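Subject: Structure handover

Hello,

The structure I promised is below. Please open it first, then read the notes that follow.

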Amino acid sequence: HHHHHHHHHHHLLLLFPLSVSVDLLSLRFFGPPSVAMPITLRLQTREGMKRVKVETSVSLLQLKQTIEQNFGISVSDQLLSIRNTNGASSRSLEGDSGKSLADFELKNGDLIILMSPSTDMDVDETSSTREASASRVNKIGKNGGIEVEDEWTAEDVVEDKVDVILGKTDGWVNRRDPKKKKVASSDDYIAPWCIQGHEPWKSQKIKHLPFHSVIAEKKYRSGSNTVPQMVEDTFRLPKQRKLTSKHILNSTSTVTRQEFRHVDHVLIEHRNIIEQFISGWRKTGLQRCGYLIGTYEPDETIPLGISAITKAIYEPPQQSSPDGVMLLRDPNAEKVDEFLAKMGLQRVGFIWTHLTVNEKKELVNLRDPESPLTPTEMVRMARLQHRYPSPWKNSRSGTYGSKFVSVLARPSDEGLELDAFQMSNQGVALVNEGIVRATKKDDVNFRVAKSKPTSQYFYPDLLYADRDEYNNAVVKKADPNIPSVFFLIGVRHGFPKESNPSFKAFLFSILNRPNEEPSWSDVIEQIEGHTGSAFFSVLSDFHLLLFLLLKEEGPESGAEESEEQKVLNILIDVYNAQGDASKMPKELELKNRMKALARAHAPAPTPSSTPVASTAPGVDPELLTKVMTMGFSSAQAQEAVFATGGTSVEAAVNYLLNPM
């Protein structure tokens, strides 16, 4: 006899390689550790939080086996660590896997981070879609004293500030003319979901409504004014469910063009942000990519809209070539995110160049205007949107869609043009579930996969609603292709009329670039000769702060803060003060500290500034230089050439791209 009550905790399990970041709650049980006590551990996944009920007498290996059964990450691939209550540092949960959880002093409510090489999408994103990468299976795992279940208590979901603000905004536009003393009528008010028929939005030909206006309409139509439950799209059907042949015959899914967009506008605070990024291509002819760093704010120009404000670009480790660019694994990803959070910033999008030139080295646009992005670029877009989902309390998974935008820098008749996009939520699901993929030969269509007999899933047949040449609505079967542009959503972009950027300076050299190794002497050069507000302006340089963050070989976490960290924290305070003189540190003291720090690191001065690697004995300098022009640092080049015995550039690059 089931008592149905309101908070229905669905036992829904996502079979999912996860990158898990972690949060805080720790209740201690007193008493001898050897006693088997049931405790609840938490695993936070991109798809919401998981609860694992477990006896402390269970061994680490048993816990890992349960994780393997439920999330499809093999025991050998799992890297477990626990995040401390203060969220700052984590300790690794590795060692003798026969030991019990009590031996590792796991406490009730501890949060466990699960990482594995296969979940890190910074790795070569062009590799074929992984079978297991987004399978969702309804099952609850039980395995010798361990239970795993999904937990969707809305309290655990921290929504982005902009979503909280817009959730409380009604968004109706008052067009009543106070001069005409007539009684207000319903015509004086425009609902946020009706703006496409009214100026100024009508002439802007806005194709997609803001996400929050769709939510507002659903609330309005619900009668009870409740926020609707949103369900993340999923298409494939797990075979574990006894599917009848009727199911299989009827398994078609129709994909539709998305009517709304999660972000309406990309606002880039200053042209220098883009200029500085493009200079990476100008200096080398190699394509570049980076993360847009900034905040999400309500969009002033459209009711309930969202603007992704870009304040800086972080260029992570990448493999650049004249034809394209590939993200490499970023060992500093977490460190960078913690640093951004101290300034109230996050990754809001991704930007990449595709700047093609002719024989005369003039920019030429080779893109088909009908198909502005290639399927391969859209696969990366889907991976990134999936990786940075938008937290949403009223959703089973604790997320819905993504506010992560993608910006392409391409040639145009005027020189250089930016285009901003998102991929529809259905498109993201189809890519991540392995149902559609990009092929080398086709720059316009996705190839639709048929499920293999060996696979855990059935893939439905895809139908898509489109228009024929007479503009009649028709439903076509995606067999074997579906146009990639079908999932593409255009996003407006621009620069502010009056530019007052959050970061004031765009001077410092940029890390992870070929032939551009910022050094401590650059730090002195940056501050030399500046006083007063000019001094504080040159300190407000994103790439200077990033250098201090990533170049300090500071003490292990938990030890004393290094001088580099202390100086960085002062510069973060300068950034956060945004020009408020009362919050500025003492100028002279800070200058001296920075100079002393730079001197402590400074090598003996070298006469030549060209980055020809200082060679280790017996290493061919020409080979080194070649490896470096492929975008690796001098240290990486030396290590690789040394490790591969100086055989060839290919061997060295291979070594660097496949570290293991």
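Two strands are said to pair if DSSP finds at least two bridges between them. Strand S23 (residues 415–423) and strand S30 (residues 488–494) fit that description, with four bridges between them in the antiparallel sense. Within this pair, alanine 420 is bridged to valine 491 of S30.

Before going further, note that this is a predicted model. Mean pLDDT for the protein chain is 80, and 77% of the residues reach 70 or more. Two stretches stay under 50: residues 116–143 and residues 608–617. The model has 100 contacts beyond four places in sequence for residues 116–143, and eleven such contacts for residues 608–617. Where pLDDT is low, the predicted coordinates should not be read in detail.

The barrel

S23 and S30 both belong to a barrel closed by seven strands, in the order S16-S18-S17-S21-S22-S23-S30, with mixed pairing. From one strand to the next, the twist averages 35°. Helix H11 (residues 542–551) lies across two of the strands, S17 (289–298) and S18 (306–314), and runs at about 60° to S18.

Strand S14

S14 (residues 252–255) runs parallel to strand S27 (residues 461–467), and four bridges join them. One of the residues involved is threonine 252, whose bridge partner in S27 is aspartate 461. In a regular strand the side chains alternate between the two faces of the sheet. S14 shows such alternation: Ser253 and Val255 point to one face and are buried, whereas Thr252 and Thr254 point to the other and are not buried.

Two crossing helices

Two packed helices are described by the angle between their axes and the distance between the axes. For helix H7 (residues 375–387) and helix H8 (residues 425–432), the axes come within 9 Å and cross at roughly 100°. H7 is therefore roughly perpendicular to H8. On the H7 side the contact is made by Val379, Ala382, Arg383, Gln385 and His386, and on the H8 side by Val428, Val431 and Asn432.

Threonine 66

This residue sits in helix H1 (residues 60–71). Is threonine 66 buried or exposed? Its relative accessibility is 1%, so threonine 66 counts as buried, the cut-off for buried being under 20%. The side chain of threonine 66 reaches the backbone oxygen of glutamine 62 at 2.8 Å. Valine 52 is 14 residues away from threonine 66 along the chain, and their C-alpha atoms are separated by 9.4 Å.

Regards

Note on methods: Residues numbered from 1 in each chain as written. Heavy atoms only, no water. pLDDT = per-residue confidence, 0-100. Contact = heavy atoms within 4.5 Å. Buried < 20%, exposed > 50% of the residue type's maximum accessible area, 1.4 Å probe, protein only. Polar contact = N/O pair within 3.5 Å; in protein donor to acceptor, adjacent residues only side chain to side chain. Axes fitted to C-alpha atoms, helices over the stretch in contact; angles between N-to-C directions. Parallel < 35°, antiparallel > 145°, perpendicular 65-115°, else oblique.
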